[in-house]
Amino acid sequence: MPKLSAGLLLYRVTGGVVEVLLGHPGGPFWARRDDGAWSVPKGEYADGEDPWTVARREFGEELGKEPPAGAPTRFDPVRQPGGKVVTVFAVRGDLDLDGCVSNTFTIEWPKGSGTLREFPEIDRVAWFPVAAAREKLLKGQRPLLDRLMLQPDLAGCAEGAA
C-alpha cells in the first residue's frame, strides 16, 4: 500500500498573473537544492482519515498559520516518483508570509554521528507565478499546476514569467 499524503495548494491572482504558495523542505538533504525541490504544503495520513482535514492541519503545522477560508477544489491524486500518492485541494486566497514558522523533525545528523538535530519541516515559504513554480516544484507535483490553470475562475489569467 503506498503512503498517502494530502496538501493544500493556495493560489491568488495578482495583476492578472496566477501565483501559488510553495514551501521549501528543511533539513540537510534539501539545504542546497532549489529548482525541483519545493512542494505544496502537505503531510501523510492513514487510510480512513479525511484528506481535506489532513490538508488543512498540515498547512497549519508547516506554516504556523491557519489556511485562509475558501471553497476547496479537490484534484485527482498524483503519484510521486517514490510512489507516494498525494491528494491536493486548491483554495483561492491570500496569506501574509510574515511570521510563518514551521513545525520541526528530529534526525541523526551527520548520519552515523549519534547526534540528534532538529530541523524545520519547511525552511522557506514563498509565492511564485505558475511559470516559475513549474521549475521550483517537485516533478511529481507539477501536473497540479496544469489542473489549477484549468479552473474556471482563472480563465484569462496568465502563468507569469519563470
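A polar contact, as I use the term today, is a pair of N or O atoms within 3.5 Å, and within protein one must be able to donate a hydrogen and the other to accept it. Keep that in mind. One more thing before we start: this is a predicted model.

Let's begin with Arg-12. It sits in strand β1, residues 4-14. Which side chains does Arg-12 meet in polar contacts? One is Glu-19, at 2.6 Å. Another is Asp-94, where the side chains are joined at 2.8 Å. Both distances fall within the 3.5 Å cut-off, so both pairs count.

Now the wider surroundings. Set aside the neighbours within four places in sequence. Arg-12 then touches Val-17, Val-18, Glu-19, Gly-93, Asp-94 and Trp-127. And Met-1? Arg-12 and Met-1 are 11 residues apart in sequence, and their C-alpha atoms are 35 Å apart in space.

Next, helix α1. This helix covers residues 51-63, which makes 13 residues. Does its length fit or clash with what a helix should span? At 1.5 Å a residue, the expected span is 18 Å. The C-alpha atoms at the two ends are 18 Å apart, so the two values agree.

Which residues of α1 are buried? They are Pro-51, Trp-52, Val-54, Ala-55, Glu-58, Phe-59, Gly-60, Glu-62 and Leu-63. Note that two glutamates, Glu-58 and Glu-62, are in that list. The buried residues pack against several strands: β1, β2 (17-25), β3 (42-45), β4 (73-74), β6 (85-92) and β9 (122-129). So β1, the strand that holds Arg-12, is one of the partners.

What follows the helix? Gly-64 does, with a positive phi near 75°. For background, most residues other than glycine have a negative phi.

On to the largest pocket. It holds about 360 Å³ of space. Its lining has 19 residues. Nearest its centre lie Pro-25, Ser-39, Lys-42, Glu-62 and Glu-121. The elements giving two or more residues to that lining are β2, β3 and α1. Which one gives the largest share? That is β3, with 3 residues. By type, the lining divides into 8 nonpolar, 5 polar and 6 charged residues. Glu-62 links two parts of this talk: it is buried in α1, and it is among the residues nearest the pocket centre.

Last stop, a peptide bond. Trp-109 and Pro-110 are joined by a cis bond, with omega about -5°. Most peptide bonds are trans. Where is Pro-110? Look in the loop between β7 (104-108) and β8 (116-120).

That's my tour. Questions, please.

Methods: Residues numbered from 1 in each chain as written. Predicted model: local features only at pLDDT ≥ 70, side-chain atom pairs only at ≥ 80, totals over all residues. Heavy atoms only, no water. Helix = DSSP H or I, 4+ residues; strand = E, 2+ residues; numbered from the N terminus. Contact = heavy atoms within 4.5 Å. Expected span 1.5 Å × (residues − 1). Buried < 20%, exposed > 50% of the residue type's maximum accessible area, 1.4 Å probe, protein only. 1 Å grid on protein atoms, 1.4 Å probe; cavity = no way out; pocket = protein on both sides within 12 Å on 5 of 7 lines; lining within 4 Å. Points joined across faces, edges and corners; volume = space filled by probe spheres on them. Nonpolar A, V, L, I, M, F, W, Y, C, P; charged D, E, K, R; others polar.
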